[in-house]
Amino acid sequence: MFSRFLKKDTKQSAAVFVDYEHWYYGYNNIFSMKPNVEEWYEELTEEYNVKDLMFFGDFNGSAIEKELPRLEKITKNVIHTASTKEGVDKDFTDFIILDAIYRKAAKKNSPEVFIIFTGDAHFNLAIKYLRDMKKKVIVYGVKHSLSNKLKSSANSYVEMPRTKQEQQYYYDAILKSLYILKKRRKMATYNKTIEHVSSHSGVSRERIQAALDDLMNNKYLFVEEKQYRGKKPKVLKANWDRLKQDGLWENKK
């Protein structure tokens, strides 16, 4: 009858190593997005008992320096990898991450699962080493920049952002723009919305247009003809109640 008090955590123990330069710049350069670190970490902790989480990167005076407060809220283990040697910064970051992985694997009672967020083929031998040690290895990497060698060497891999996450990011940019115009009592049109959102988010017009068309095809957005100074402009409107109901919009102050 005391069994419920003796129940053990069935989650596998895990150590997580994140090449944040790969994640941040990959998202920015390929998708014009920023990493959804908090959501990703919550996802990991639901499945694994995360013993260690480490972020690596050159944060000094770089574009990712502003990301530090977000990362430090999640873990104290943010490792700065700035190198004084010219032309070897990225390799230097890889070297530090690899060293941390091997050190963690060599410890007594090391975690059962090693989660590595990178796209670099330099990690292939480390993954094979961990697999030889009977460790489960999961690789996360930015879509279109994840090495095929890593995909085949790991137990499993996840390409980020997932299609749904990428889509939601573009949805949010469009809906925030429409909501601001609504609050200012200004009209939004189809073409102007695409132009405005693309220029402010840095996302290509083609991606914004595809996301806007998807919202319209699913009846979340619609065009309504208005009377305005003797003209009849076609104004873009949102069904805010339905967007909220389906979890696509939350009015965050």
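Hi everyone, let's start at the surface. Tyr102, Leu125, Tyr129 and Met133 come together there as a nonpolar patch, and their combined accessible area is about 380 Å². Please keep in mind that this is a predicted model. Of those four, let me pick out Leu125, which sits in helix H5. Leu125 counts as exposed because its relative accessibility is 63%.

Now to the inside. How many residues does the largest nonpolar core have? It has 51, and the residues with the most contacts inside that core are Tyr20, Trp23 and Trp40. Helix H7, residues 163–183, gives the most to this core, with 6 residues. There is also a second, separate core of 20 residues, and Phe17, Ala105, Phe114 and Ala154 are among its members.

Back to Tyr20 for a moment. Setting aside residues up to four places away in sequence, Tyr20 touches Pro35, Val37, Phe55, Phe56, Phe59, Ile64, Glu67, Arg70 and Leu71. Two names there come up again: Glu67 and Arg70 are linked with Glu38 in a network of salt bridges.

From the second core, let's follow Phe114. Phe114 belongs to strand S4, residues 113–117. Is Phe114 buried or exposed? It counts as buried, because its relative accessibility is 0%. If we skip neighbours within four places in sequence, the contacts of Phe114 are Ala15, Phe17, Ile101, Lys104, Ala105, Leu130, Lys135, Lys136, Val137 and Ile138. For a sense of distance, take Ser32, which is 82 residues from Phe114 along the chain: the two C-alpha atoms are 29 Å apart.

Two lysines in that contact list deserve a closer look, Lys104 and Lys135. I'll take Lys135 to begin with. Where is Lys135? You'll find it in the loop between helix H5 (124–132) and strand S5 (136–142). Lys135 is buried, yet it has no salt bridge. The nearest side chain of opposite charge belongs to Glu112, and it is 8.0 Å away. A salt bridge here would need a nitrogen to oxygen distance within 4 Å. Glu112 does still appear among the contacts of Lys135, together with Ser110, Pro111, Phe114, Leu130 and Asn155, again leaving out neighbours within four places in sequence.

Lys104 tells another story. Which side chain does Lys104 meet in a salt bridge? That would be Asp52, at 2.9 Å from N to O. Lys104 is in helix H4 (residues 89–106) and Asp52 is in strand S2 (residues 48–57), so this pair ties together parts that are 52 residues apart in sequence. Lys104 is buried, at 13% relative accessible area, while Asp52 counts as partly exposed, at 21%.

As a reminder, side chains of opposite charge can pair when their charged atoms come close. Searching the whole structure turns up 7 salt bridges.

Another of these joins Lys143 to Glu166, with 3.9 Å between the closest N and O atoms. Lys143 is in the loop between S5 and helix H6 (148–153), and Glu166 is in helix H7, so parts that are 23 residues apart in sequence are tied together. Why do we call Lys143 buried? Because its relative accessibility is 15%, and Glu166 is likewise buried, with a relative accessible area of 15%.

Then there is Lys151, whose side chain meets that of Glu159 in a salt bridge of 3.2 Å, N to O. Lys151 is partly exposed, with a relative accessible area of 21%, and Glu159 counts as partly exposed at 26%.

Last topic: the backbone. Which residues are joined by a cis peptide bond? They are Met160 and Pro161, with omega at about -5°. Pro161 is placed in the loop between strand S6 (156–160) and H7.

We also have positive phi values to go through. Arg185 is not a glycine, but its phi is positive, about 60°. Its place is the loop between H7 and helix H8 (190–201), and Arg185 is exposed, with a relative accessible area of 80%. Lys219 has a positive phi as well, near 65°, and is a residue other than glycine. Look for Lys219 in the loop between helix H9 (205–217) and strand S7 (221–225). Lys219 counts as exposed, at 61% relative accessibility.

That's my tour, and thanks for listening!

Key: Residues numbered from 1 in each chain as written. Predicted model: local features only at pLDDT ≥ 70, side-chain atom pairs only at ≥ 80, totals over all residues. Heavy atoms only, no water. Helix = DSSP H or I, 4+ residues; strand = E, 2+ residues; numbered from the N terminus. Buried < 20%, exposed > 50% of the residue type's maximum accessible area, 1.4 Å probe, protein only. Lys, Arg positive; Asp, Glu negative; His and termini not counted. Contact = heavy atoms within 4.5 Å. Patch = residues over 30% accessible without salt bridge, like charges linked within 9 Å, V, L, I, M, F, W, Y side chains within 5 Å. Areas by Shrake-Rupley, 256 points an atom, 1.4 Å probe, with all protein chains shown as cover. Core = buried A, V, L, I, M, F, W, Y, C linked by side-chain atoms within 4.5 Å.
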